[in-house]
Amino acid sequence: MNQKKNIIWSCDRNKRQKRFLDCPADEILYGGSAGPGKSEALLISAFGNQEQNAMNNPNWKALILRRTFPDLERTLIQRSIQIFSQLGGRYDANKHRWTFPLGGVVQFGHMKTEYDKYDYKSSEYNVICFDELTEFTEGMYLYLFSRNRTTDPKLKAQIRSASNPTGIGHSWVKKRFLEKEDGSKIQPDKIHIYDILMPNGTKRQITRCYIPAKLSDNPYLSENDPNYLIRLMQLPEMERRALMDGDWDIFSGQFFPEFGEQHICKPFDFAYGSPVWVSLDYGFATKTATGFYSLLSGTFYMFAELYVSKKEPNELSALIKEKLGKRFTDIV
């Protein structure tokens, strides 16, 4: 049994997968391109690590989510049968649940509509895994935070996700894991710390980490199906950049599909009193996106961005004035 158990944590040839499994952050996103072993990594995360897992801790409760149940059947459930049945687990096809001899549980679930998130009300999971996170809404993701808890001090509450770019949740996933509050980029593989203001006025911290991976990081798929890369190369440009390159700077349907890193210039100063244009896409429960532009030698430059939520118009105007400062006085 121990020999079989150790097989699932053997990631010596997939260093990115091992990085994801070992990461201690509260929230972790793994992936980018297609084929780096994302689904496998999520199943292992749901089972646990070598110290605490569904086989040795009766308090272990994990949830694995896809947007629809057919998606689960086609991928994760089939693969879980190959892995968990060797570890003493018993699968209940009616409840879509693996139960292990000491009582540990790995539950499969889905949220097809926004209201389905309330099906998990009163549930408790120390690990929640989202497969293809960009298929979910931000509201679905955040609601499951209320279900991510444990009364066992040996267990760490974590939310682990895997995804490719694109999908209805592309923008919010990118902002959450790849960008800071001011819109600047977060270094991949670096655990980023966020301060959370508590009701009593104190501050607590949560941590997030994005772990990028490509097909080349998974030697098993590359060796067993070397033509998979060739098939990815046949995709249209947007899908190819997303699934082959793991490029988060693309978005299917965006106005400028060619936009990328090469269109970002190094910072420079505008002359005092330069005219400024401000664009605004207002949202309250969702994000308000504000862009700041100026003109130099006949070319418009976007020099700043502001992304905020749940701000009334008067609060938003104060933030815009603060962002502009005193340098720009002629707002068009």
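Trainee: How many disulfides does the structure hold?

Mentor: It holds zero disulfides. Keep in mind that this is a predicted model.

Trainee: Why is there no bond between C23 and C209?

Mentor: Set the value against the cut-off: a disulfide needs two cysteine sulfur atoms within 2.5 Å. The closest cysteine sulfur to that of C23 belongs to C209, and it is 4.1 Å away, so the gap is too far for a bond.

Trainee: What makes C23 buried or exposed?

Mentor: Buried means under 20% relative accessible area. C23 has 3%, so C23 is buried. Another cysteine, C129, has 0% relative accessibility, so C129 is buried too.

Trainee: Good, let me try a helix. How many residues of α3 are buried?

Mentor: Eight of the ten residues in α3, which spans 38-47, are buried, so the helix is called mostly covered. The buried ones are K38, A41, L42, L43, I44, S45, A46 and F47. Just past the end of the helix, G48 has a positive phi of about 120°.

Trainee: Let's turn to the rings. How many aromatic pairs does a search of the whole structure find?

Mentor: The search of the whole structure gives 15 aromatic pairs.

Trainee: Why is the pair of Y91 and W98 called stacked, tilted or edge-to-face?

Mentor: Two numbers decide. Ring centres must lie within 6.5 Å to pair, and plane angles under 30 degrees count as stacked, those over 60 as edge-to-face and the rest as tilted. For Y91 and W98 the centres are 5.2 Å apart and the planes stand at 40°, so this pair is tilted.

Trainee: And what makes the pair of Y91 and F108 stacked, tilted or edge-to-face?

Mentor: Here the centres are 6.4 Å apart and the planes are at 75°, so the pair is edge-to-face. This pair links distant parts of the chain: Y91 sits in strand β3 and F108 in strand β5, 17 residues apart.

Trainee: How do you know which of Y91, W98 and F108 are buried or partly exposed?

Mentor: Partly exposed lies between the 20% and 50% limits. Y91 has a relative accessible area of 26%, so Y91 is partly exposed. W98 has 2%, so W98 is buried. F108 has 3%, so F108 is buried. Ring pairs link these three with F47, F84 and F100 into a cluster.

Trainee: What makes R160 a charge over the ring of F20?

Mentor: The distance limit is 6 Å from the ring centre, and the charge must also be within 35 degrees of the ring normal. The charged end of R160 is 4.9 Å from the centre of the F20 ring and sits over it. R208 likewise lies over the face of Y194, at 4.1 Å from the ring centre.

Trainee: Which residues does G31 touch, leaving aside those up to four places away in sequence?

Mentor: G31 touches K38, S163, Y210, I211, P212 and A213. G31 is part of strand β1. Its relative accessible area is 0%, so G31 is buried. G31 and Y210 are 179 residues apart along the chain, yet their C-alpha atoms are separated by 8.2 Å.

Trainee: Next, the sheet with β11. What makes β10 and β12 edge strands?

Mentor: The sheet is open, with three strands in the order β10-β11-β12 and antiparallel pairing. Strands β10 and β12 each pair on one side only, and that is what puts them at the edges. Neighbouring strands are turned by 20° against each other on average, direction ignored.

Trainee: How do you know that β10 and β11 pair?

Mentor: Pairing needs at least two bridges. Six bridges join β10 to β11, so the two strands pair, and they run antiparallel. L280 stands opposite T290 in β11. Helix α10 lies across β10, β11 and β12, and runs at about 140° to β12.

Trainee: What makes T166 and S297 worth a look?

Mentor: Most residues other than glycine have a negative phi. T166 is not a glycine, yet its phi is positive, about 75°. T166 is in the loop between β7 and α6. S297 is not a glycine either, and has a positive phi of about 55°. S297 lies in the loop between β11 and β12.

Trainee: Why are T166 and S297 given separate labels for accessibility?

Mentor: Exposed means over 50%. S297 has 75% relative accessibility, so S297 is exposed. T166 has 24%, so T166 is partly exposed.

Key:
Residues numbered from 1 in each chain as written. Predicted model: local features only at pLDDT ≥ 70, side-chain atom pairs only at ≥ 80, totals over all residues. Heavy atoms only, no water. Buried < 20%, exposed > 50% of the residue type's maximum accessible area, 1.4 Å probe, protein only. Helix = DSSP H or I, 4+ residues; strand = E, 2+ residues; numbered from the N terminus. Axes fitted to C-alpha atoms, helices over the stretch in contact; angles between N-to-C directions. Contact = heavy atoms within 4.5 Å. Phe/Tyr/Trp six-rings, centres within 6.5 Å; stacked < 30°, edge-to-face > 60°.
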